[in-house]
Amino acid sequence: MRVSIRRTLRVGALSGTPVEDLGVVPDELHRMTRRDLLEDNAGLFDRAGLLLKDREPHTVSVTDAVSVNGSLKLKVKAANVDRVDVYVDQRPYASTDLTDGQAAVTVPVAAADRAARIDGFEAGRLVAGKTEQLP
């Protein structure tokens with residue numbers, strides 16, 4: 001038995017962040033065409049562009065993280081998200097509604113490894129996710 005695992009990482013400003021943070025739930029099917037085969041997926045890219053051009057991006061990020069008296073204070077910023085759930089070192093710590101796309105979250109006990117995962121929701125539906133290493 002052989003198993004192959006491939007991990008895809010982002011480049012540029014998000015360099016090193018796994019693409020797998022949120023993942024993709026497909027709601028469109030594109031069957032490969034002759035054009036895709038002969039022109040390096042040109043038809044696929046055209047169709048994807050049409051599907052994505054009118055959608056608003058959903059983003060979440062930690063803009064500041066400070067340790068204070070054993071607690072961890074995080075500032076979270078988001079776009080097109082009305083609630084965030086915060087996990088630190090894979091443990092759930094907070095769920096909070098956003099005001100003007102921002103929220104302050106205090107984690108009562110500063111974690112050891114200090115990686116934060118922020119899941120963003122719009123109308124109760126998971127639409128964004130990001131994992132960041134904290135200082």
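## A hairpin to start with

In the hairpin of β6 and β7, two residues sit between the strands, and Ala 123 takes a positive phi near 55°. That is a handy place to enter this predicted model. The two strands of the hairpin, β6 (residues 115-122) and β7 (residues 125-133), pair in the antiparallel sense over eight bridges. Among the residues in register here, Ala 115 has Gln 133 of β7 as its bridge partner.

β6 is mostly covered, with six of its eight residues buried. Besides β7, β6 has another antiparallel neighbour in β3 (residues 83-88), and six bridges join that pair. If you want to check the register on that side, look at Val 88, whose bridge partner in β6 is Ala 116.

## The chain as a whole

Stepping back, the chain has two helices and seven strands. Read from the N terminus, the elements go α-α-β-β-β-β-β-β-β, so to speak in one plain run of helices and then strands.

Of the 135 residues, 28% count as buried. The chain exposes about 9900 Å², and carbon and sulfur atoms supply 51% of that area. As for contacts along the chain, take those with a separation of 6 or more: residues 24 or more positions apart account for 44% of them.

## The four-stranded sheet

The hairpin belongs to an open sheet of four strands, in the order β4-β3-β6-β7, with antiparallel pairing. The edges are β4 (91-97) and β7; each has a single partner strand, so one side of each is left without a neighbour in the sheet. From one strand to the next, the twist averages 20°.

On the β4 side, six bridges join β3 to β4, and these strands run antiparallel. Within this part of the sheet, Tyr 87 stands opposite Pro 92 in β4.

## The three-stranded sheet

There is also an open sheet of three strands, ordered β1-β2-β5, and its pairing is antiparallel. Here β1 and β5 are the edge strands, each pairing on one side only. The twist averages 20° from one strand to the next.

β1 and β2 pair in the antiparallel sense over nine bridges. One bridge to pick out on screen is that of Ala 65, whose partner in β2 is Leu 74. Leu 74 comes up again in the core.

## The core

Nonpolar side chains tend to be buried together in soluble globular proteins. In this chain the largest nonpolar core has 20 residues, and Leu 74 and Val 84 are those with the most contacts inside it. Six elements are worth colouring if you want to see where it comes from: β1 (59-68), β2 (71-79), β3, β5 (102-107), β6 and β7 each give two or more residues. β2 gives the most, with four residues.

Leu 74 has a long list of neighbours. Leaving aside residues up to four places away in sequence, Leu 74 touches Val 62, Asp 64, Ala 65, Val 86, Ala 103, Ala 104, Val 105, Val 107 and Leu 134.

## Two residues to look at

Is Glu 132 buried or exposed? Glu 132 is found in strand β7, and its relative accessibility is 16%; the cut-off for buried is under 20%, so Glu 132 counts as buried. The side chain of Glu 132 makes a polar contact with the side chain of Lys 130, at 3.5 Å. Not counting residues up to four places away in sequence, Glu 132 touches Ser 61, Val 62, Arg 114, Ala 115 and Ala 116.

Over in helix α2 (residues 42-52) lies Leu 51. With a relative accessibility of 26%, Leu 51 counts as partly exposed, because that class sits between the 20% cut-off for buried and the 50% cut-off for exposed. Leu 51 and Glu 28 are 23 residues apart in sequence, and their C-alpha atoms are 9.0 Å apart in space.

Conventions
Residues are numbered from 1 along each chain as its sequence is written. This is a predicted model: local features need pLDDT of at least 70, side-chain atom pairs count only at pLDDT 80 or more; totals for chains, interfaces and linings use all residues. Side-chain values use heavy atoms; hydrogens and water are left out. Buried means under 20% relative accessible area, exposed over 50%, partly exposed in between (1.4 Å probe, protein chains only). Two strands pair if DSSP finds at least two bridges between them. Axes are lines fitted to C-alpha atoms, for helices over the stretch in contact, and angles run from 0 to 180 degrees between N-to-C directions. A polar contact is a pair of N or O atoms within 3.5 Å; within protein, one must be able to donate a hydrogen and the other to accept it, and residues adjacent in sequence count only if both atoms are side-chain atoms. Contact means heavy atoms within 4.5 Å. A nonpolar core is a set of buried Ala, Val, Leu, Ile, Met, Phe, Trp, Tyr and Cys residues joined through side-chain atoms within 4.5 Å. Accessible areas come from the Shrake-Rupley method with a 1.4 Å probe; for residues, only the protein chains shown count as cover.
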